[in-house]
Amino acid sequence: MRLLNAKDFTLTNFSDERTIPEYAILSHTWGDDEVTFRDLADLSREQLVLKKAYKKVERCCTKALEWDLEWVWMDTCCIDQQSSAELSEAINSMYQWYRQSAVCYAYLFDVHSLEDDFLPGRTVDQGNYHRKSSFNKARWFTRGWCLQELLAPRNMQFFNMHWEYIGSKHSLKTPISMVTGIDEYGLFIPDLSVLSVAHRMTWATCRQTTRPEDIAYCLLGIFNINMPLLYGEGQVRAFGRLQEEIMRRIEDHSIFAWSGIGTDFGNDMVGFLAPHPSRFRYGKVDLCELPKYTEPLSITGRGIRAQVPLIRQSGHGENYIAVIGCNKAGASKSYFAIPVTRLKKSSDVYRRRLPDIQTVSFKEAENATLSTIFLLRHSKPTHLEDKDTTQVWFSLLEMRDCFYKIKGAFPSSLWNTSRRVFAFSPSNFKAYPRMAVAFANAEGKGFVLGIDLNLMKGISTHLVEFRSSSFEGSAHFSIEQELASMISTNERLRDYKSQLVMGQHTVTASVERAIVLGQDLYEVKISIGYELNHLSISSKL
C-alpha cells in the first residue's frame, strides 16, 4: 500500500501490512486535471499548485493533520494507473483499505449543505432548503466506486465543496438512506455476508461507472471477491465473471432473482446470469431453505449445476418452473421460481425462458420433483418452444468485427434483425427450407450466402457475388426483393459456389453437424480471409 505524507507530499510504499501506519482516506468523484502518481513524481510543488485538483489534495492533507494523522490515501495519486498489475492489486484491496482507515473524508464537490441544515428542529427557509437538497443531488451518490466507499469505512465524515463539515455517516444516516435506498441496518452492518446477494446487488442498480467493466469491478469488495481485471472484455462478460466467482464462494440462490427486459435475451451472453446490477429489482430478498435438501451450486463446462425443485407446466412441452431458495422479504410462505425450458426431452440442460421470475407457494415447492439440472450461463438468441422449430443464427459476438455487414435476408418474415436469427417451422416452406442473406461492405460490394436445408439430399451452402448498387435503379428496390427473386426463380443459382474470390479476399462456406451446449446443430462456417465467422443452424429435436 502506498501512502501520501500529509506534510511534505511524498509517497511511501508499505509492503508489509504490519507496518502500515494509521491513515486518512479520501472518497470523492474524479474531475478535471487530477493530481496523479506521475505528477507527484515528475512535477515540482510550483507546477502541482497550478493543477485544478491540487486544492483537493491539499485540503485533504490539512484535514488529516488536524486529526493528528500524518498519512493519507487517495486513488488519484497513490496508485500508478499506468501499471495494470498495480491497478488490479489496488482494486482487489480497496474495500479493505477503506475498512481499515482511521477516518474517511467524503468530499462532495457539488454540495452546499452545512451541518446546521440537518439539525433536528431546524426551521427550513428557502436558502436552507436549497442547501439541504443539494446533498441529495450529489454526484457522489451516483458513482459505482463510491458505493463501497460508503459501506466500508467505520468512521466517515462528509464535507461540502468548501471543505465545510456537513456531518458523519451516523448523523446523516436518514438522508443517506433515502438517497441510496440502503436501509440504516445495511449502512452499518459489520458483516455484509449476512445479507443475500440479490439484496446487495440492489444497492448498485442506479450506479454508473466511466469504464463499462467497472460496474462489476466496483462490487468486488462488497462480495469479498478477488478476481483479475480484464479491461476490454465488456460489461456483460465482466459482470458474468463476477457472478460466477460469487457462486463459487457463496451458497446463495438469490443470484438468480433478477428481472430482465426483452432486449436482454437478444444478447448472446445473457442467460441465468444477469447482464447488469440494474436487473436486480426486487429490493430486499431473503434466503430461505427449500422443502427438500439441495446441493450447492457449482460451475461446470455444461453450465451451472443446480439441484432444485422442478414444476412442469402442463400443456407447454418442455417448459418448467425451477424453484430457488429465496423470496421477497416478509413472504415466508412462498418461493421465487424461474421459468425454464429443457433443450430436448433427453437432456438435463435448461435455459431461462423469460426475463421475469415468478412466485410459488410452499406447498407447490414441496410437491415438486427435486432434480439435478444444468443451467445455461448464457442464452442462445431465441428459445425453442415447439419441437419442430428450426433456427438459423448469426452470432453477434463472432460477426461484430467483420467488415461485411448484413444488408438483407430472405424470407424477411422469418428474420429477426436485432437478433440476426431465422426462426421457422418446416411448414413455412412448400418444399424444403431455403433462405439467403446478403452481406455488403461500405462500397456496396459483397456476397449472398444461400442455404438449402434439404435433409433428403443434404444440407448445402452457396455463395454468389453481389453488388447492391446494380439493383438500385428501381424506385421500389430492396435487397429483400432481390433475394426473394433469386430464391424463388432459381435466377443465377448456377453461379453459386462454395468458394468465392473477391479481390484480395476469399470467402468460403461449409457446413457440419455439431453438439453445442446440449443442442444438435448444423453449423455453417463462413471464412473471410483469416477471419472465421459462424452461422449456426439449430433445431430442437
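Strand β11 (residues 319-324) is largely enclosed by the rest of the structure, because six of its six residues are buried. The model is a predicted one, and this strand is a handy place to start reading it. In a regular strand the side chains alternate between the two faces of the sheet. In β11, Asn319, Ile321 and Val323 point one way while Tyr320, Ala322 and Ile324 point the other, and both sets are buried.

The neighbours of β11 are easy to pick out. Strand β10 (residues 303-312) pairs with β11 in the antiparallel sense, over three bridges, and Leu310 has Ala322 of β11 as its bridge partner. Strand β13 (residues 334-342) also runs antiparallel to β11, this time over six bridges. There, Ile324 has Phe336 of β13 as its bridge partner.

Next come the rings. A pair of aromatic rings is described by the distance of the centres and the angle of the planes. The model holds 20 aromatic pairs. One of them brings back β11: Tyr320 and Tyr350 meet edge-to-face, with 5.7 Å centre to centre and 80 degrees between the planes. This pair ties together distant parts of the chain, as Tyr320 belongs to β11 and Tyr350 to strand β14 (residues 349-352), 30 residues apart. Tyr320 counts as buried because its relative accessible area is 8%, and Tyr350 does so because its value is 4%. Phe439 and Phe447, by contrast, are stacked, at 4.8 Å centre to centre and 15 degrees between the planes; Phe439 and Phe447 are both buried. Elsewhere, Trp67, Tyr105, Tyr107, Phe159, Trp163 and Tyr165 join into one aromatic cluster.

Some rings also have a charge for company. Arg302 lies over the face of Phe374, 4.7 Å from the ring centre. Similarly, the charged end of Arg352 sits over the ring of Trp258, at 4.0 Å from its centre.

What about the cysteines? A disulfide is a covalent bond between the sulfur atoms of two cysteines, and the count here is zero disulfides. Cys77 is in no disulfide, since its nearest cysteine sulfur, that of Cys78, is 4.4 Å away and the cut-off is 2.5 Å. Cys104 is too far from a partner for a bond, because the closest cysteine sulfur, in Cys60, is 8.9 Å from its own. Cys77 is nonetheless buried, at 0% relative accessibility, and Cys104 is buried at 0% as well.

Towards the start of the chain, Asn5 lies in strand β1 (residues 2-5). With 5% relative accessibility, Asn5 counts as buried. Its side chain makes a polar contact of 3.2 Å with the side chain of Glu70. Leaving aside residues up to four places away in sequence, Asn5 touches Thr10, Glu70 and Trp71.

A few backbone oddities round things off. Most residues other than glycine have a negative phi, and most peptide bonds are trans. Asp33, in the loop between β3 (23-27) and α1 (37-42), has a positive phi near 60 degrees. Asp68, in the loop between α3 (54-66) and β4 (71-73), also has a positive phi, of about 60 degrees. Asp33 is partly exposed, with a relative accessible area of 34%, whereas Asp68 counts as exposed at 72%. The peptide bond joining Phe410 and Pro411 is cis, with omega at about 0 degrees, and Pro411 lies in the loop between β18 (405-410) and β19 (415-416).

Terms used:
Residues are numbered from 1 along each chain as its sequence is written. This is a predicted model: local features need pLDDT of at least 70, side-chain atom pairs count only at pLDDT 80 or more; totals for chains, interfaces and linings use all residues. Side-chain values use heavy atoms; hydrogens and water are left out. Buried means under 20% relative accessible area, exposed over 50%, partly exposed in between (1.4 Å probe, protein chains only). Helices (H or I, at least four residues) and strands (E, at least two) are DSSP runs, numbered from the N terminus. Two strands pair if DSSP finds at least two bridges between them. A polar contact is a pair of N or O atoms within 3.5 Å; within protein, one must be able to donate a hydrogen and the other to accept it, and residues adjacent in sequence count only if both atoms are side-chain atoms. Contact means heavy atoms within 4.5 Å. Rings of Phe, Tyr and Trp (its six-membered ring) pair if their centres lie within 6.5 Å; planes under 30 degrees apart count as stacked, over 60 as edge-to-face and the rest as tilted. A charge sits over a ring if NZ of Lys or CZ of Arg is within 6 Å of the ring centre and within 35 degrees of the ring normal.
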